[in-house]
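Grab a pencil and work through these two exercises with the structure open beside you. Try each task before you read its solution.

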Amino acid sequence: MYGNDFAEAGGAGCCESTAGGTLLEQVEAAERELRSASERRVSGDNRLQGYFDAVIEADQKIEPRDWMPEEYRRGLIRQIAQHAHSEIIGMQPEGNWISRAPSLKRKAILLAKVQDEAGHGLYLYAAAETLGISREELVGMLLNGRQKYSSIFNYPTLTWADVGAVGWLVDGAAIVNQVPLCRCSYGPYARAMIRICKEESFHQRQGYEILYTLAQGTDSQKAMAQDAINRWWYPSLAMFGPPDSDSTHSERSMAWKIKRFSNDGLRQRFVDMCVQQASVLGLELPDPELRWNAERGHYDYTEPDYDELMQVIKGNGPCNRQRMEHRRRAHEEGAWVREAAAAYAAKRAARVPEVAA
Amino acid sequence: MTQPLWEVFVRPRRGLAHTHVGSLHAPDAELALRNARDLYTRRQEGVSLWVVPATAITASSPDEKDSFFDPAADKVYRHPTFYDVPEGAGHI
Ligand SMILES: [Fe+2]
Ligand SMILES: [Fe+2]
């Protein structure tokens, strides 16, 4: 669900990798495609639906003031909002370690990362608002529980090594999910995703570096790193949503070029990436069934526990209540700041009438 | 209590024009600028920022494609490629 619309997850098999290369190369390729597609001429169909279809067909972007089917609008609002909520709630597990980071350098890095996640939430809320919903409504739907955020953030960060595992695995899985969204048919979402993915690559690398450093350290540091990977591996696999066999209605999302790959296709891509990266760390992925399948050209692996995923989504994960309580309290305790800023703005606007807005 | 929406424009480097990068909410222009700095230029993406109240923008049409731009379509003679340059004419 992190950049993955849960209600419409799943779909036809796929899984050729979009573009090879590093994360940044893939994002740049998406950016180039956005530009070259925009130069294509869209056939001159003047009916609303016809024009919408032609724009999608030409791989161009739908922009906020274009006509669009109501379902397209509603589905996108839900997906972008859930994505934004995930970025906002996602600050908590790592925020937990800012005051206890082992050095000033690590503390500065972690602060910068958590600040980026706040930024990602704000880019995405702004993208959702272009579809005709207000910020208050969006924030309200997170606070009253009507909309979900990614299940992964309901797991606790017990040790410093968890900060490494979150960066490597959770941001890593998020990137695999999000890179295809850089090509999403809705312009403001695609542009926000390009910006976000460029920032994500630092997140994944700093986590990987933390684990690498621990893996080179004392036996107990190495054990701590291994323990964190053991706990985060399966929840990270579950971030891609339920298996394709259990998911319905994603066809339309694919046809509208919002979603481009199935849950299982993306999950496989993530597993294939991690195996090699884990071996460089000298640490193990906690799956005895993990092995190369020459016929498929992919690693076979053990599926995450999807019943557990459903339980966490329903609110029964280890930290669901804590995350929501924290978010609500932060929102309430910030009310006086918002009110004071508004009062000050109103007073100044009254005093200097030529300053509009 | 709704805070107004601001559109944010960044000049990436000297010599380049300001480009729209996104939007944000802020109670006034001063806070909009500060928020824009923290939100859109955390990695030295710009040397200059503009924030504009979204309500101050007048858009050409309710629709991104529009007959508003059609008059330019049949005036190919506005492009240099329309003209035949005789053989031997230099610097033109
Ligand atoms: Fe993020
Ligand atoms: Fe991140």
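**Exercise 1: the two sides of a helix**

Keep in mind that this is a predicted model. Which exposed residues does helix 12 of chain A carry on the face turned away from its buried side? Then work out what lies on the buried side and what covers it.

*Solution.*

1. Start with the outward face: A:Asp307, A:Lys314 and A:Asn316 are the exposed residues there.
2. Now list the buried residues of helix 12 (residues 306-316) of chain A: A:Tyr306, A:Leu309, A:Val312 and A:Ile313. They share one side of helix 12 of chain A because they cover an arc of only 110° around the axis.
3. Here's the rule behind that: an α-helix has 3.6 residues a turn, so residues three or four places apart point the same way.
4. Look for the cover: it includes helix 9 (219-238), helix 11 (263-281) and helix 13 (320-333) of chain A.

**Exercise 2: an iron site**

Find the protein donors of the iron ion (ligand 1), and say why their arrangement is irregular.

*Solution.*

1. Pick out the donors: A:Glu87 (OE), A:Glu117 (OE), A:His120 (ND1) and A:Glu200 (OE), at 2.1 to 2.2 Å from the iron ion (ligand 1).
2. Check the angles: the four donor atoms subtend 81 to 158°, so the arrangement counts as irregular.
3. Follow A:Glu117 further: it bridges the iron ion (ligand 1) and the iron ion (ligand 2), which sit 3.3 Å apart.
4. Place the pair: A:Glu117 belongs to helix 5 (residues 104-129) of chain A and A:Glu200 to helix 8 (residues 187-215) of chain A, so they tie together parts 83 residues apart in sequence. Both A:Glu117 and A:Glu200 are buried.

Definitions and conventions. Residues are numbered from 1 along each chain as its sequence is written. Chains are lettered from A and ligands numbered from 1 in the order in which they are written. This is a predicted model: local features need pLDDT of at least 70, side-chain atom pairs count only at pLDDT 80 or more; totals for chains, interfaces and linings use all residues. Side-chain values use heavy atoms; hydrogens and water are left out. Buried means under 20% relative accessible area, exposed over 50%, partly exposed in between (1.4 Å probe, protein chains only). Helices (H or I, at least four residues) and strands (E, at least two) are DSSP runs, numbered from the N terminus. The arc is that of the directions from the helix axis to the C-beta atoms. Contact means heavy atoms within 4.5 Å. Donors are N, O and S atoms within 2.8 Å of the metal (3.2 Å for Na, K and Ca); water is not among the atoms, so sites may look incomplete. Four donors count as tetrahedral if all angles lie between 85 and 135 degrees; four count as square planar and six as octahedral if opposite donors are over 155 degrees apart and all others between 65 and 115; anything else is irregular.
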